[in-house]
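Work through the exercises below with the structure at hand. Try each task before reading its solution.

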Amino acid sequence: MKKTSVFLLLIPLMCGPLRAEPIDVNGRFQAEAPGGFPDGWVMHEWDGYKPFPDVRTIPGAYRGNTALSMTNMLGDDGGAIQTRARFPARSGAVGRLSFLAKGKGLGWATFYRWGETGAWNGVIVSSPFTLSDTWQPHVLTIPIDNGHACETQAVTLALGGKMGTELQVCSLTLDIQPARIVGDTRMPRSWTVFGPAGCRGSDC
């Protein structure tokens, strides 16, 4: 019985929350020159996002803060940009994205998975958000999983919109809560705890 109680004491340690790690994605959209392309971000070059949208920064767009602006999204699937850097993340981690946005149409934000050798490992599907002509807060929670090709080792953050969308984003923050258990193997629903062999009654 004593071994059972020790095991129960270990459960909160195994299942307790892990601290989310803040990620620097230049969410204030600083640029080398006022109005220029934001540092640390690159154009997404997938054919569905061509021709490339117009991307610039707008200093002082909201309460003195610089905003990202994406217009002329004329590709069959709209347009997008993504972070240049890749951020360590494993299956089971959870990304939390917070930002202000306005515009028209449907915007979206999601992660692209990358494997251990640096190979692209698919996109994580997330729901788009509807834009309005006033600044609105958005908080997105995006679970990170493995792609079809291999286990996820890192992610990049992508921002974009559907065809015809006009998007402005301001004051973006990202944190990633590490996975409690790495991998795809599911934990058992119930456990059997064995006492010492040969014990009887109150001796167990």
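Buried means under 20% relative accessible area, exposed means over 50%, and partly exposed lies in between. S69, at 4% relative accessibility, therefore counts as buried. The model is predicted.

**Exercise 1. The overall fold**

Task: State how many helices and strands the protein chain has, and in which order they run.

Solution.
- Step 1. Count the elements. The protein chain has one helix and 13 strands.
- Step 2. Read from the N terminus. The order is α-β-β-β-β-β-β-β-β-β-β-β-β-β.
- Step 3. Check burial. The protein chain has 204 residues, and 37% of them count as buried.
- Step 4. Check contact range. Take contacts between residues at least 6 apart in sequence: 76% of these join residues at least 24 apart.

**Exercise 2. The surroundings of S69**

Task: Place S69 in its element and list its contacts beyond four places in sequence.

Solution.
- Step 1. Locate the residue. S69 belongs to strand 4, residues 65-71.
- Step 2. List the partners. Neighbours within four places are left aside; S69 then contacts D54, V55, R56, I58, L167 and Q168.
- Step 3. Move on along the chain. N72 lies in the loop between strand 4 and strand 5 (79-83).
- Step 4. Classify N72. Its relative accessibility is 42%, so N72 counts as partly exposed.

**Exercise 3. The largest pocket**

Task: Describe the lining of the largest pocket by residue, by class and by element.

Solution.
- Step 1. Take the volume. The largest pocket has about 250 Å³.
- Step 2. Name the lining. It consists of W46, Y49, D77, W108, T110, Y112, V123, I124, V125, S126, P128 and K162.
- Step 3. Sort by class. Eight lining residues are nonpolar, two are polar and two are charged.
- Step 4. Find the main contributor. Strand 8, residues 106-114, gives the most to this lining, with three residues.
- Step 5. Pick one lining residue, T110. T110 lies in strand 8. Its relative accessibility is 3%, so T110 counts as buried.
- Step 6. List what T110 touches. Residues up to four places away are not counted; the partners are V123, I124, V125, S126, I142, T156, L157 and A158.
- Step 7. Compare sequence and space. T110 and L140 are 30 residues apart in sequence, with their C-alpha atoms 9.0 Å apart.

**Exercise 4. Aromatic rings**

Task: Characterise the pair formed by Y49 and W108, then look at other ring contacts.

Solution.
- Step 1. Count the pairs. The structure holds six aromatic pairs.
- Step 2. Take the geometry of Y49 and W108. Their centres are 6.1 Å apart, with 35° between the planes, and the pair is tilted.
- Step 3. Place both partners. Y49 is in the loop between strand 2 (41-43) and strand 3 (54-62), and W108 is in strand 8. The pair links distant parts of the chain, 59 residues apart.
- Step 4. Check burial. Y49 has a relative accessible area of 8%, so Y49 is buried. W108 has 9%, so W108 is buried.
- Step 5. Turn to Y112 and W120. Their ring centres are 6.5 Å apart and their planes are at 40°, so this pair is tilted. Y112 is buried, with a relative accessible area of 6%.
- Step 6. Group the rings. W46, Y49 and W108 form one aromatic cluster.
- Step 7. Add a charge. The charged end of R86 sits over the ring of W114, 3.6 Å from its centre.

**Exercise 5. D145 in its loop**

Task: Is D145 buried or partly exposed, and which residues does D145 contact?

Solution.
- Step 1. Locate D145. It sits in the loop between strand 11 (136-143) and strand 12 (154-161).
- Step 2. Apply the accessibility value. At 33%, D145 counts as partly exposed.
- Step 3. List the partners. Beyond four places in sequence, D145 contacts S91, R113, I124 and T152.
- Step 4. Take one partner. I124 is 21 residues from D145 along the chain, and their C-alpha atoms are 7.8 Å apart.

**Exercise 6. Backbone features**

Task: Which residues are joined by a cis peptide bond, and what is phi of N26?

Solution.
- Step 1. Find the cis bond. It joins K50 and P51, with omega about 0°. P51 lies in the loop between strand 2 and strand 3.
- Step 2. Read phi. For N26 phi is near 55°, a positive value in a residue other than glycine. N72 also has phi near 55°.
- Step 3. Place N26. It is in the loop between strand 1 (21-23) and strand 2. Its relative accessibility is 13%, so N26 counts as buried.

Key
Residues are numbered from 1 along each chain as its sequence is written. This is a predicted model: local features need pLDDT of at least 70, side-chain atom pairs count only at pLDDT 80 or more; totals for chains, interfaces and linings use all residues. Side-chain values use heavy atoms; hydrogens and water are left out. On a 1 Å grid over the protein atoms alone, a cavity is a set of points where a 1.4 Å probe fits but cannot get out, and a pocket is an open set with protein on both sides within 12 Å along at least five of seven lines; lining residues have an atom within 4 Å of a point. Grid points are joined across faces, edges and corners, and a volume is the space filled by probe spheres set on the points. Helices (H or I, at least four residues) and strands (E, at least two) are DSSP runs, numbered from the N terminus. Ala, Val, Leu, Ile, Met, Phe, Trp, Tyr, Cys and Pro count as nonpolar, Asp, Glu, Lys and Arg as charged, and the others, Gly among them, as polar. Rings of Phe, Tyr and Trp (its six-membered ring) pair if their centres lie within 6.5 Å; planes under 30 degrees apart count as stacked, over 60 as edge-to-face and the rest as tilted. Buried means under 20% relative accessible area, exposed over 50%, partly exposed in between (1.4 Å probe, protein chains only). A charge sits over a ring if NZ of Lys or CZ of Arg is within 6 Å of the ring centre and within 35 degrees of the ring normal. Contact means heavy atoms within 4.5 Å.
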